[in-house]
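Trainee: I am new to this structure and would be grateful for a close look at a single part of it. Could you please take me through the salt bridges, and say which residues take part and how exposed they are?

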Amino acid sequence: MIRGLGVDVVEVCRFDNKEESFLKKLFTDEEISEWKRRGGVSEYLSSRFAAKEAFVKAIGEGFGDVQPKDITVRNDSSGRPYFSLAGKALEKVDGMNVLLSISHERSVAIAAVIIDG
């Protein structure tokens with residue numbers, strides 16, 4: 001049974017020229033390292049932020065108990081995105097299946113999350 005659905009769209013330019021100190025409030029060290037490895041492209045960060053926003057919408061909350069850094073977006077060996085959750089984010093979906101899809105085009109990134117269980 002579907003427990004939650006969340007979708008979010010982010011303008012890519014929101015993450016142009018941001019200071020790393022600002023990014024560290026929203027993204028895990030792992031995500032920042034991967035962003036640097038990919039050449040600092042804004043599409044990477046905007047799609048990850050859209051995924052985090054879609055996740056909190058799917059659980060029916062905004063960022064409050066769940067912090068952005070409780071949510072890490074990773075990719076499996078085939079490139080498929082998935083969440084690695086910690087803290088309150090993990091507690092909210094314990095035992096449930098969380099599905100994630102991310103896409104981006106030149107100016108926008110979008111993410112959709114389904115929580116099933």
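Mentor: The following account treats the salt bridges, one pair after another. Please keep in mind that the model is predicted. A search of the whole structure finds 10 salt bridges, and I shall describe some of them.

Consider to begin with aspartate 8 and lysine 57, whose side chains meet in a salt bridge with an N to O distance of 2.8 Å. This pair links distant parts of the chain, for the two residues are 49 residues apart. Aspartate 8 lies in strand S1 (residues 2-11), and lysine 57 lies in helix H3 (residues 42-58). The two partners also fall into separate classes of accessibility. Aspartate 8 has a relative accessible area of 10% and is therefore buried, since buried means under 20%. Lysine 57, at 39%, counts as partly exposed.

The next pair lies within a helix. Lysine 24 forms a salt bridge with glutamate 20, and their closest N and O atoms are 3.8 Å apart. Because these residues are four residues apart in helix H1 (residues 20-26), about one helical turn separates them. Lysine 24 is partly exposed, with a relative accessible area of 38%, and glutamate 20 is likewise partly exposed, at 27%. This pair also belongs to a network of salt bridges that links Glu20, Lys24 and Lys36.

Finally, the side chains of arginine 38 and glutamate 34 meet in a salt bridge, at 2.7 Å from N to O. Arginine 38 counts as partly exposed, its relative accessibility being 40%.

Technical notes
Residues are numbered from 1 along each chain as its sequence is written. This is a predicted model: local features need pLDDT of at least 70, side-chain atom pairs count only at pLDDT 80 or more; totals for chains, interfaces and linings use all residues. Side-chain values use heavy atoms; hydrogens and water are left out. A salt bridge is a side-chain nitrogen of Lys or Arg within 4 Å of a carboxyl oxygen of Asp or Glu. Buried means under 20% relative accessible area, exposed over 50%, partly exposed in between (1.4 Å probe, protein chains only).
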